[in-house]
Amino acid sequence: MTFPTAMLRAGFPYLTTRGMRRVTTFPMDSALGSEGRIYVLGRTEMGVGGSIRIINWEDEDLGTMADTGLTWPVCLLADEDEVLWVSDEGAHTITTFNRDGEQLAQWGEHGAEPGQLNRPSGIAFDGDGNLLVVDTWNHRVQRFSRDGSYIDGFGSQGEDNGEFDMPWGTTVDAEGSIYVADWRNDRVQKFDAAGNHLATIGRSGDGEGEFNRPAGLAVDADGDLYVADRGNNRVQIFDHRGRYVEQFLGDATISKMGRAYIMANQKTLRLREMTALEPQKRFRAPASVRVDAEGHLYIADFGSHRIQIYKKEAYPLAADEIMPELRSPTLMTT
């Protein structure tokens, strides 16, 4: 697959908010199912334990999966059969469930040898359908078959290209390239399918294209990369060349289930009447980003117990539809 030469980016407006505290408590990640289901991976108020909550596009609470036994879950995937895959950094395991919450399998052994795990975090399927696991405290990425058999891996601790310091999220684009959020090095690294380093995006800071503990990653069909810049309370977008495009700071409104709860609570109504509302819109430590085929962007707003959703409007351009790149670009000249 070849990504577009350029894009006419018409906008990326905020669309809606789903979930609320006590339902989507401390959301770490989300995954999309059929029939409008949104699976939300959350942590408990006490910090230990986790659950998979099911809501839908209409913001209805469809309940919690039966006891998952999760210790400290990080990442959630839904595959083509709607099997849910969960990484658990507290238990050093990968666990799968069917859509009804029945556990199908669990694998993972704590350690530092090839095939062993130490605080796994991000997970993604590669172009061959194998599972990439970010092995955070071993500072590497490992590849497993879907039954948990070790295949290969890459990375070691350090700050040079191809090295990691507590990596976190990962994603794979349509060309098979692998992106890894290099958490403590405050950057994102891009690799080919075999794990060879291709590019490095970002550095420490809070400016455009800079990071403070990048976490979850996603890539859409246009090759745009979305990064949950957790320590900076924002999400940043880069094109497939690694060029910074724009950022999201949060624009949340109250969700449908949130409105019902607040309207039934006079004290909450009074407190909301007395406070400034602008900060209530913003992200608080966003943990993950997900995209769907319709151009929706789902952001797990961890500190505010909700999912904020945006809708991309952009149009691919072929090489003959746009002039060559300029040395000093500015829209003030058009």
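**Exercise 1. Describe the pairing of strand β16 with β17 and with β15, and the burial of β16.**

*Solution.* Step 1. Strands β16 and β17 (residues 187-191) are paired in the antiparallel sense over 5 bridges. Strands here are DSSP runs of E with at least two residues, numbered from the N terminus, and two strands pair if DSSP finds at least two bridges between them. The model is a predicted one, in which local features need pLDDT of at least 70 and side-chain atom pairs count only at pLDDT 80 or more, while totals for chains, interfaces and linings use all residues. Residues are numbered from 1 along each chain as its sequence is written, and side-chain values use heavy atoms, with hydrogens and water left out.

Step 2. Within this pair, Y179 stands opposite K190 in β17. The two strands make a hairpin with 4 residues between them, and D186 in the turn has a positive phi of about 55°.

Step 3. On the side of β15, 3 bridges join β15 to β16, again in antiparallel fashion. T171 is placed opposite Y179 in β16. The hairpin of β15 and β16 has 5 residues between the strands, and G176 there takes a positive phi near 95°.

Step 4. Burial comes next, where buried means under 20% relative accessible area, exposed over 50% and partly exposed in between (1.4 Å probe, protein chains only). Strand β16 (residues 178-182) has 5 of its 5 residues buried, so it is largely enclosed by the rest of the structure. I178, V180 and D182 point one way from the strand and Y179 and A181 the other way, and all are buried.

**Exercise 2. Establish the strand order of the open sheet that contains β4, and follow its pairings.**

*Solution.* Step 1. The open sheet has 4 strands in the order β3-β4-β5-β6, with antiparallel pairing. Its edge strands are β3 (27-32) and β6 (61-64), each of which pairs on one side only. Neighbouring strands are turned by 20° against each other on average, direction ignored; axes are lines fitted to C-alpha atoms, for helices over the stretch in contact, and angles run from 0 to 180 degrees between N-to-C directions.

Step 2. Strands β3 and β4 pair over 5 bridges in the antiparallel sense, with L32 opposite I38 in β4. These strands form a hairpin with 4 residues between them, and E35 in the turn has a positive phi of about 55°.

Step 3. Between β4 and β5 there are 7 bridges, also antiparallel, and Y39 faces I54 in β5. Strand β5 (residues 50-56) is joined to β6 by 2 bridges; in β6, the bridge partner of I55 is D61.

Step 4. Strand β4 (residues 37-43) is mostly covered, with 7 of its 7 residues buried. R37, Y39, L41 and R43 point one way, whereas I38, V40 and G42 point the other way.

**Exercise 3. Identify the elements that line the largest cavity and the second largest pocket.**

*Solution.* Step 1. On a 1 Å grid over the protein atoms alone, a cavity is a set of points where a 1.4 Å probe fits but cannot get out; a pocket is an open set with protein on both sides within 12 Å along at least five of seven lines, and lining residues have an atom within 4 Å of a point. Grid points are joined across faces, edges and corners, and a volume is the space filled by probe spheres set on the points.

Step 2. The structure holds 1 cavity of 30 Å³ or more. The largest cavity has a volume of about 110 Å³, and of the 15 residues that line it, D29, C75, G216, A287 and S288 are the closest to its centre. The largest share of this lining, 3 residues, comes from β23.

Step 3. The second largest pocket encloses about 880 Å³ of space. Its lining has 38 residues, of which T171, V219, D220, V291 and D292 lie nearest its centre. Among the elements that give two or more residues to this lining are β3, β15 (170-172), β19 (214-219) and β23 (288-291).
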